[in-house]
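Open the model in your viewer and keep the selection box at hand. We will go stop by stop.

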Amino acid sequence: MSLRILQNAKETKPLFVVISVFLGAVLSTLFVRMFSLSLADIRGVFGLSAQEGSWINVSLNAAQLISMTLTPWFMVVLGAEKILMSTSIVLLVSFLSFPLLGVDGRLLIELVSIHFVIGFCLGVYLPMTISLALRNLQPNVWLIVMAAYSLRVSLGMDAGVGISGSFIEIFGWQWMYWVCTFFTCFIFIFTWKGMPVAEINRDILAKTDWGGMALKSVSLVLLYIGIVQGEMFGWYDSGLIVSCLLGSVILFTIFIVRSFLFNQTFAHPGWLANRNLLLCFIVSCLYGFLMLANSLFIPSFLTTISGLKPYQIGEVTNIAFIAYLLFSPIAIWLARRVDSRLLMVIGVTIIGGASVLGMQVDYQWRVDEFVPLMIMQSFGECLVLIGLIASFVVNIKPQDALNLGAYISIARVLMPAISGALMNTYLRVAFDGHFETKRAFIQTGEQKLSSADTFSVVLSLISRESSVGSFIDGFAMTLLIAIMVLFLLIFLKPAPENSIVPGKE
């Protein structure tokens, strides 16, 4: 049965449209976060090594990176309703059937392929969310829409920790997939009821730059693989990693040169000439580093130093999500009264303050000591993200919207993965440096230690303090990036006349 036969809506129902795309955005963020946190348990279920399991995660995110890049174009060509309904059907089948296929005889290539399909479908939701929501709602509620959109980040990064732990510890890994079927059902229903089928734009379809799409998508995927798998394969000691990084640079260079040689090219970078858009894009890419306190440092510290399980850590990170949720109305109130540039400056400053607080960490820190830091971090993230989305919306020109949409995947998928991978490498290098420094203090006295057990205890203490030192260095690096972002925000020009932010100069 075709989608046209299934279609029930005769006219657009804005509320249904907004609900469908926001459910998709929440599903995309939450599932990817839950899967990454539950990967170790899933590896155990299927008897996979750490390296094999990493390729499943890579396939999930690489597919999402591709579909997010291509969706803005095909949303114009095919219509949002066709894309939403078809991907929801595919996701429904994938989520429902995957846990039922059985564990015995499951090959790695099968696991990678299934999660590639899931990731590709999940990637179509986020690029549609803001554009469809703003298109169907009045300007006086746009800030509320932006706040709701920003909330899904905290829902995935913070609340996702506890949710994934609950599925694994209480219900079983299968329920992580089965619960997602409810999301896909509701997305399909609300799209079916809320959006009439549009005709395929065959004129634009005929002008599709397939070569540009291939060059850009493959270059981003190669860069993603090179960065994310670099630590596991030894960076420049691995021919695979070097090939991926070099191939990414070569293909992306060809894509950029090609885009300036031909008029009708996919994702033309001409929007970079708009200084405000360029600066906002750079800040959005660095935002992945600014989020690391709640998304990486605190969960890793509580795992490494405190020995907590994901389920227990979830009880802690839920505090960050609740704080983000409670601060969202305050952020909306401020956004209606101050310029979005000032909103971002305040938010980045608060994140910098949280980083300074994090630099005071020691091995005795537990949940209570991290609560003020998490609250500050959540408030700062909320202000920055709402201000950033508002700045994009008010500065973008209609002729640039389609091209800019093809680059959002870099800030949404690629850069958070790169920031996490690079920071993990930095933490490892910092740990090694601290360990060697502290280890040198006891080398001359090794023979005087009373027993091998005593020596082992001393080494464990050195390892613990080295881990704490690496986290302090991580917070210091985040502070440095926050200062860089503040410097970039200085050069933002006032926004043109708009219906969102006040304070035109």
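In which helix is L30 found? Select helix α2; L30 is there. Helices here are DSSP runs of H or I with at least four residues, strands are runs of E with at least two, and both are numbered from the N terminus.

Before moving on, some ground rules. This is a predicted model, in which local features need pLDDT of at least 70 and side-chain atom pairs count only at pLDDT 80 or more, while totals for chains, interfaces and linings use all residues. Residues are numbered from 1 along each chain as its sequence is written, and side-chain values use heavy atoms, with hydrogens and water left out.

**Stop 1: helix α2**

Stay on L30. It is buried, with a relative accessible area of 9%. Buried means under 20% relative accessible area, exposed means over 50%, and partly exposed lies in between, using a 1.4 Å probe and protein chains only. Now add C180 to the selection. L30 and C180 are 150 residues apart in sequence, yet their C-alpha atoms are 9.4 Å apart in space.

Next, select F31 and F35. Both lie in helix α2 (residues 14-46), 4 residues apart, about one turn of the helix. Their ring centres are 6.2 Å apart and their planes are at 25 degrees, so the pair is stacked. Rings of Phe, Tyr and Trp (its six-membered ring) pair if their centres lie within 6.5 Å; planes under 30 degrees apart count as stacked, over 60 as edge-to-face and the rest as tilted. F31 and F35 are both buried.

Widen the selection to F46, F95, F98 and Y177. Together with F31 and F35, these residues form one aromatic cluster. The structure holds 22 aromatic pairs.

**Stop 2: helix α4**

Select V90, found in helix α4 (residues 80-97). At 34% relative accessibility, V90 counts as partly exposed. Then pick I118. V90 and I118 are 28 residues apart in sequence and 8.1 Å apart from C-alpha to C-alpha.

**Stop 3: helix α6**

Select residues 125-136. How far apart are the end C-alpha atoms of α6? They are 16 Å apart, which agrees with the 16 Å that its 12 residues should span at 1.5 Å a residue. The expected span is 1.5 Å times one less than the number of residues. Colour α6 by accessibility: 10 of its 12 residues are buried. Among them are Y125, P127, M128 and N136.

**Stop 4: charges over rings**

Show the side chains of W192 and K193. K193 lies over the face of W192, at 4.9 Å from the ring centre. A charge sits over a ring if NZ of Lys or CZ of Arg is within 6 Å of the ring centre and within 35 degrees of the ring normal. Then jump to Y363 and R464. The charged end of R464 sits over the ring of Y363, 3.6 Å from its centre.

**Stop 5: helix α12 and its flanking loops**

Start with W235, in the loop between α11 (230-233) and α12. Phi of W235 is near 50 degrees, a positive value in a residue other than glycine. Most residues other than glycine have a negative phi. At 17% relative accessibility, W235 counts as buried.

Move into helix α12 and select L246. L246 is exposed, with a relative accessible area of 53%. Add S219: the C-alpha atoms of L246 and S219 are separated by 9.5 Å, and the two are 27 residues apart along the chain.

Further along are F252 and F255, both in helix α12 (residues 239-261) and 3 residues apart. F252 is partly exposed, at 26% relative accessible area. F255 counts as buried, at 2%.

Now select A267, in the loop between α12 and α13 (275-290). A267 has a positive phi of about 55 degrees although it is not a glycine. At 3% relative accessibility, A267 counts as buried.

**Stop 6: the second largest pocket**

Keep A267 selected. A267 helps line the second largest pocket, along with residues including W73, K207, D209 and F266. A pocket, on a 1 Å grid over the protein atoms alone, is an open set of points where a 1.4 Å probe fits, with protein on both sides within 12 Å along at least five of seven lines; lining residues have an atom within 4 Å of a point.

Which helix gives the most to the lining of this pocket? Select helix α18 (residues 398-405), which gives 3 residues. About 170 Å³ of space lies in the second largest pocket, a volume being the space filled by probe spheres set on grid points joined across faces, edges and corners.
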